[in-house]
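Let's go through this one together, a question at a time. Have the sequence and the coordinates open as you read.

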Amino acid sequence: MENQLEMEGSEALKMYVLPFPSPGHTIPLINLAQILALKGHHITILTTPSNAQVLPNNLNVHTFDFPSDQVGLPSGLENAASAGDSVTAHKILKAALLLKPQIETLVQQNPPHVLISDFMFRWSSKLGVPTLLFTPMPIFVDCVF
């Protein structure tokens with residue numbers, strides 16, 4: 001039994017990491033992704049072109065077209081840190097949620113062993129692959145909610 005566990009533990013997994021486009025969500029997930037990559041797993045960050053520009057070069061990235069025009073955002077405004085007001089922040093949230101069909105297609109055509117998704121994308125747990133929902137909030141905040 002011990003040898004079987006060692007062998008299973010040494011196999012590299014193909015993992016997709018789906019952060020919400022906001023620094024408070026992205027940074028902790030990227031840190032986790034880097035740790036998993038150092039352990040030998042094949043990590044691919046699922047993001048948008050503008051958000052991909054700030055990611056570390058040592059991680060694989062798959063970008064999706066951000067549906068800015070569908071929610072009335074200017075092209076390139078893809079991160080909540082760039083929102084100057086709550087209306088713009090809400091549009092970024094709405095556009096991020098509209099990424100669902102593109103992500104579904106990728107996962108169906110090229111499924112990972114595991115999807116690690118920001119909790120803002122709760123629908124990701126229904127994509128037919130093992131999914132971990134990640135929350136960057138401290139456990140105290142979860143307990144309060």
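A residue counts as buried when its relative accessible area is under 20%, as exposed when it is over 50%, and as partly exposed in between. Keep in mind that this is a predicted model.

Q: Is Phe20 buried or exposed?
A: The cut-off for buried is under 20% relative accessible area. Phe20 has a relative accessibility of 6%, so Phe20 counts as buried.

Q: Which residues form one aromatic cluster with Phe20?
A: Let's build it up from the pairs, of which a search of the whole structure finds 2. Phe20 and Phe121 make a tilted pair, with 5.9 Å centre to centre and 45 degrees between the planes. The rings of Phe121 and Trp123 have centres 5.7 Å apart and planes at 70 degrees, so that pair is edge-to-face. The residues that join Phe20 in one cluster are Phe121 and Trp123.

Q: How many residues apart in sequence are the parts tied together by the pair of Phe20 and Phe121?
A: Phe20 sits in the loop between S1 and helix H2 (23-38). Phe121 belongs to the loop between strand S4 (114-118) and strand S5 (131-134). The pair therefore ties together parts whose separation in sequence is 101 residues.

Q: What relative accessible area does Trp123 have?
A: Its partner Phe121 is buried, at 1% relative accessibility. Trp123 is buried too, and its relative accessible area is 16%.

Q: In what order do the strands of the open sheet lie?
A: Start from the edges, strand S3 (60-63) and S5, each of which pairs on one side only. Moving inward, S1 and strand S2 (residues 42-47) run parallel and are joined by 4 bridges, and S1 also pairs with S4 in the parallel sense over 4 bridges. S4 and S5, parallel as well, are joined by 4 bridges. Put together, the order of the 5 strands is S3-S2-S1-S4-S5.

Q: Which residue in S5 stands opposite Ile116?
A: We can follow facing residues across the sheet: Val17 stands opposite Ile45 in S2, and Tyr16 stands opposite Leu115 in S4. For Ile116, the residue opposite in S5 is Leu132.

Q: Which residues of S4 point the other way from Val114, Ile116 and Asp118?
A: In a regular strand the side chains alternate between the two faces of the sheet. S4 is mostly covered, with 5 of its 5 residues buried. Val114, Ile116 and Asp118 point one way, and the residues that point the other way are Leu115 and Ser117.

Q: What angle does the direction of H6 make with that of S1?
A: The sheet itself twists by an average of 25 degrees from one strand to the next. H6 packs on this sheet and touches S1, S2 and S3. Its direction makes an angle with that of S1 of about 175 degrees.

Q: Which residues touch the most other members of the largest nonpolar core?
A: Nonpolar side chains tend to be buried together in soluble globular proteins. This core has 22 residues, and strand S1 (14-18), helix H5 (86-97) and helix H6 (100-109) each supply at least two of them. A second, separate core of 12 residues includes Met15, Ile45, Leu59 and Ile116. In the largest core, the residues touching the most other members are Leu18, Leu46, Phe66, Leu73, Ile103 and Leu115.

Q: Which side chain does the side chain of Asn79 join through a polar contact of 2.6 Å?
A: Asn79 lies in the loop between helix H4 (68-71) and H5, and is buried with a relative accessible area of 15%. Its side chain reaches the backbone nitrogen of Ala81 at 2.9 Å. Leaving aside residues up to four places away in sequence, Asn79 touches Pro21, Ser22, Pro23, Asn51 and Ile92. The side chain that shares the 2.6 Å polar contact is that of Asn51.

Q: How far apart in space are Thr105 and Leu127, C-alpha to C-alpha?
A: Thr105 is found in helix H6, and at 36% relative accessibility counts as partly exposed. Thr105 and Leu127 are 22 residues apart in sequence, and their C-alpha to C-alpha distance is 9.6 Å.

Terms used. Residues numbered from 1 in each chain as written. Predicted model: local features only at pLDDT ≥ 70, side-chain atom pairs only at ≥ 80, totals over all residues. Heavy atoms only, no water. Core = buried A, V, L, I, M, F, W, Y, C linked by side-chain atoms within 4.5 Å. Buried < 20%, exposed > 50% of the residue type's maximum accessible area, 1.4 Å probe, protein only. Helix = DSSP H or I, 4+ residues; strand = E, 2+ residues; numbered from the N terminus. Phe/Tyr/Trp six-rings, centres within 6.5 Å; stacked < 30°, edge-to-face > 60°. Pairing = 2+ DSSP bridges. Axes fitted to C-alpha atoms, helices over the stretch in contact; angles between N-to-C directions. Contact = heavy atoms within 4.5 Å. Polar contact = N/O pair within 3.5 Å; in protein donor to acceptor, adjacent residues only side chain to side chain.
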